[in-house]
Amino acid sequence: MAHHGIQVIGVIFMLECSSYKDINIGMGICGEDDYETKVYVYAIDGLMIDTGAQIMEQDVIEFFKSNHIDQVVLTHNHEDHTGTAPWILKNTNVPVYLNEGAIPSANRPPVMDGYVTKMWGIRDTFDPKPLTDKIVTSSGKYTFEVIHAPGHKPQHDCFYERSQGWLFSGDLYLGTKQFVCYKDENMKQTIESIEKVLQLDFDTIFCAHAGVVENGKVRLEKRLKFLKDLQNQVNEMRSQGMDDRAIDAEIYPFNLTIQDISGGDWSSYNIIHTL
Ligand SMILES: [Zn+2]
């Protein structure tokens, strides 16, 4: 493993399990070939953060059981974060928490068309409880502050452990550069959320797709710079009279596979248009 301080424990079915300090980590791979995506779930002191995609469900259930989970929090309601939440609510008494504003969307059947099903599996509806401002783990050892960080979705939260300098960032970080975004993302809001989160004192990011990111604050600052430079470039091109389609074609003259197979759900245009 590339990250210093991570120990690989073994593999539960297809989930690669590792640990970092007190945190147990499960990683599954969704999609295939050039659109495969790593999906991470985390467990610490009985608290589970995100539940992977439904296609990982059998493995995540084993991870859930072996970590003696007594509460689950979700960063946001996307299929690759909420996949095992319906099983947990149906089969255990463990509460699952989600941003209150996202609960109606969890109650509705998700739109699962061909590529979504292939990537993430078919997720059932579920009825989580609303997140409060703070989550204390079962032994009382860790306290997570809920940091509202919209942009990737209108309701998206990060979980911040101040005394440890840990930020469980959901899909706020992902990487420094970005080539596509989802159709309901708002990059302007993402920039504001990153600026807000950078006011906090933290070192390590726990990303749902990039895993453990040490020097996470520096990495997140790099992401902010990338997005602000891109925003300046887009505004400059707009001031020259170019429309967003033309700007997209110039800045991103290529299409990623996910852009083609998702029929526009994922696109570089969504980045440009919301900057
Ligand atoms: Zn997401």
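This report walks through a hairpin, an open sheet, two packed helices and one buried residue in a predicted model.

**The hairpin**

Start with strands β2 and β3. They form a hairpin, with 2 residues between them. Lys 21 sits in the turn and has a positive phi of about 50 degrees. The two strands run antiparallel and are joined by 5 bridges. Across the pair, Glu 16 stands opposite Met 27 in β3.

Strands of a sheet pair through backbone hydrogen bonds, either parallel or antiparallel.

**The open sheet**

Next comes an open sheet of 6 strands. Its order is β9-β10-β11-β12-β14-β15, and the pairing is mixed. Which strands stand at the edges? They are β9 (134-136) and β15 (211-213). Each has a single partner strand, so one side of each is left without a neighbour in the sheet. From one strand to the next, the twist averages 25 degrees.

At one edge, β9 pairs with β10 in the antiparallel sense over 3 bridges. Lys 134 has Glu 145 in β10 as its bridge partner.

The table sets the two antiparallel pairs side by side.

| Pair | Bridges | Residues facing each other |
|---|---|---|
| β2 and β3 | 5 bridges | Glu 16 and Met 27 |
| β9 and β10 | 3 bridges | Lys 134 and Glu 145 |

**Helices**

Helix α7 (residues 216-239) packs on the sheet. It touches β12, β14 and β15. The direction of α7 makes about 65 degrees with that of β14.

Helix α7 also packs with helix α6 (residues 187-197). The angle between these helices is about 145 degrees, and their axes are 10 Å apart. The crossing is left-handed. On the α6 side, the contact residues include Met 187, Ile 191 and Ile 194. On the α7 side, Leu 220, Leu 224 and Leu 227 are among them. What classes of residue make up the contact of α6 with α7? It has 7 nonpolar, 2 polar and 3 charged residues.

**One residue in the sheet**

Now look at Phe 168. It is found in strand β12 (residues 166-170), one of the strands that α7 touches. Is Phe 168 buried or exposed? It counts as buried, because it has 26 C-beta neighbours inside 10 Å and the cut-off is 20 or more.

Leaving out residues up to four places away in sequence, Phe 168 touches Tyr 42, Ile 49, Cys 158, Phe 159 and Phe 206. Phe 206 lies within the range of β14 (204-207). Thr 125 is 43 residues from Phe 168 along the chain, and their C-alpha atoms are separated by 24 Å.

Conventions: Residues numbered from 1 in each chain as written. Predicted model: local features only at pLDDT ≥ 70, side-chain atom pairs only at ≥ 80, totals over all residues. Helix = DSSP H or I, 4+ residues; strand = E, 2+ residues; numbered from the N terminus. Buried ≥ 20, exposed ≤ 12 C-beta atoms within 10 Å, placed from the backbone. Contact = placed C-beta atoms within 7 Å. Pairing = 2+ DSSP bridges. Axes fitted to C-alpha atoms, helices over the stretch in contact; angles between N-to-C directions. Left-handed = near helix turned anticlockwise from the far one by under 90°. Nonpolar A, V, L, I, M, F, W, Y, C, P; charged D, E, K, R; others polar.
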